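This report introduces a protein structure to a reader who has not met it before, and the sequence and structure are shown below.

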Amino acid sequence: MKLDKATLEIWGVVAEIVAALGVIVSVVYLAIQIGEGTTALQMQMHHYQLENVNAPIEHAIADEGLAEIITVGVEDPDALSKPDWYRFCLFQLLAFNSWEYGYHLHSKGVTPEEIWEGVDAAYKNLIRTQPGLARFWKEWNHAYGGAFHEYVDAEFAKQGGD
């Protein structure tokens, strides 16, 4: 079988088409893998956020004395001794760190909107219903910077607690 120039050109075009299809299939496969990886990363970040939210709660559950400090501190912070106020503030620091973590995940588009809405609403509710948090924020807001600091300041201003 003798191959002429026209036959070779046809086979060359066929080979280019097959190669192009191979590239397209590879790109589609990679896009699917990236999408699955993004979903997995979002779920992992959500898991970390839940751990951050749960850590202070677990401390309060396990330590009856801390639970008492928190209960008094959110309602009447002036009723706490200086050491108890400090423990209250450290507890709130953990809680606000969790809110900050969620805020930054959301601002980077990592946390799905429906998850952020619940987390954010819970913290805003605490600001609205727990007067001791206004004093905490006034004394400890220096621990936070940038956009999150401004965000929380704005929330306290809405509540009349700045």
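## A nonpolar surface patch

In this predicted model, a nonpolar patch on the surface is formed by Val13, Ile17, Leu21, Ile24, Val28 and Ile32, which together have about 540 Å² of accessible area. Of these residues, Ile24 can be placed in helix α1, the helix made of residues 5–62.

## Two helices in contact

Helix α5, with residues 132–140, packs with helix α6, with residues 146–159, at an angle of about 145°, and the axes of the two helices are 11 Å apart. The crossing of α5 and α6 is left-handed.

On the side of α5 the contact is made by Leu133, Ala134 and Trp137, while α6 contributes Phe148, His149, Val152, Asp153 and Phe156. Sorted by class, the contact of α5 with α6 has 6 nonpolar residues, together with 1 polar and 1 charged residue.

## Salt bridges

The count of salt bridges in the model comes to 6. One pair that forms a salt bridge is Asp78 with Arg135, whose closest N and O atoms are 3.1 Å apart. This pair links distant parts of the chain, given that Asp78 is in the loop between α2 (64–75) and α3 (82–107), whereas Arg135 is in helix α5, and the two residues are 57 residues apart.

Notes
Residues numbered from 1 in each chain as written. Predicted model: local features only at pLDDT ≥ 70, side-chain atom pairs only at ≥ 80, totals over all residues. Heavy atoms only, no water. Axes fitted to C-alpha atoms, helices over the stretch in contact; angles between N-to-C directions. Helix = DSSP H or I, 4+ residues; strand = E, 2+ residues; numbered from the N terminus. Left-handed = near helix turned anticlockwise from the far one by under 90°. Contact = heavy atoms within 4.5 Å. Nonpolar A, V, L, I, M, F, W, Y, C, P; charged D, E, K, R; others polar. Patch = residues over 30% accessible without salt bridge, like charges linked within 9 Å, V, L, I, M, F, W, Y side chains within 5 Å. Areas by Shrake-Rupley, 256 points an atom, 1.4 Å probe, with all protein chains shown as cover. Salt bridge = Lys/Arg side-chain N within 4 Å of Asp/Glu carboxyl O.
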